[in-house]
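This report goes through one protein chain, beginning with its cysteines and moving on to its overall make-up, its core and one of its helices. Please keep the sequence and the structure in view while reading.

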Amino acid sequence: MRVIMKNEPSSSYLFNGMTTEEYEKAKEFHQFLKSLTKCTHGFLYIDRKKLIDLASVFLECSSPYEAHQILMKMKEYGWIKELKTDYVVVNID
């Protein structure tokens, strides 16, 4: 018989957690996105490639792939609600 806990942490948090440096940069980027989307209630209409380029510059990443990975982690943490090809929904709470 196998026992399953209902409040088990997601495995993505265990293996895909942000480093301290990534967390601080992502936190600043989240504040930046919140200030951009304050008037539109969290919606930012931007092309995904342009968002990744913007994140790459803001987060001082060495490659766009690294910036994309941080954006995906931000989505897992709940800072970004949706990340589609032509818009982003930011959690402004």
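## Cysteines

C61 counts as buried, because its relative accessibility is 13% and the cut-off for a buried residue is under 20%. C39, by contrast, is exposed, with a relative accessible area of 72%. The model in which these values were computed is a predicted one, and a search of the whole structure finds 0 disulfides in it.

## Overall make-up

The protein chain contains 4 helices and 3 strands, and when these are read along the sequence they follow the pattern α-α-β-α-α-β-β. Among contacts in the chain with a separation of 6 or more, 65% are made by residues that lie 24 or more positions apart.

Of the 93 residues in the protein chain, 31% are buried. The area that the chain exposes is about 6,700 Å², and carbon and sulfur atoms supply 56% of that area.

## The largest nonpolar core

The largest nonpolar core holds 20 residues, and the members that touch the most other members are F29, L33, L51, L71, M74, I80 and V88. Two or more residues of this core come from each of α2 (20–36), α3 (48–58), α4 (64–77), β2 (80–83) and β3 (88–90), with α4 giving the most, namely 4 residues.

F29 offers a view of the core from a single side chain, since it is one of the members with the most core neighbours. When neighbours within four places in sequence are left aside, F29 is in contact with L51, L54, A55, F58, L59, L71 and M74.

## The two sides of α3

Which residues of α3 are buried? They are L51, I52, A55 and S56, and because they cover an arc of only 135 degrees around the axis, they lie on the same side of α3. These buried residues pack against α2, α4, β2 and β3, and two of them, L51 and A55, are also among the contacts of F29.

The other side of α3 carries the exposed residues K49, K50 and V57. After α3 comes E60, which has a positive phi, near 55 degrees.

Definitions and conventions: Residues are numbered from 1 along each chain as its sequence is written. This is a predicted model: local features need pLDDT of at least 70, side-chain atom pairs count only at pLDDT 80 or more; totals for chains, interfaces and linings use all residues. Side-chain values use heavy atoms; hydrogens and water are left out. A nonpolar core is a set of buried Ala, Val, Leu, Ile, Met, Phe, Trp, Tyr and Cys residues joined through side-chain atoms within 4.5 Å. Buried means under 20% relative accessible area, exposed over 50%, partly exposed in between (1.4 Å probe, protein chains only). Contact means heavy atoms within 4.5 Å. The arc is that of the directions from the helix axis to the C-beta atoms. A disulfide is a pair of cysteine sulfur atoms within 2.5 Å. Accessible areas come from the Shrake-Rupley method with a 1.4 Å probe; for residues, only the protein chains shown count as cover.
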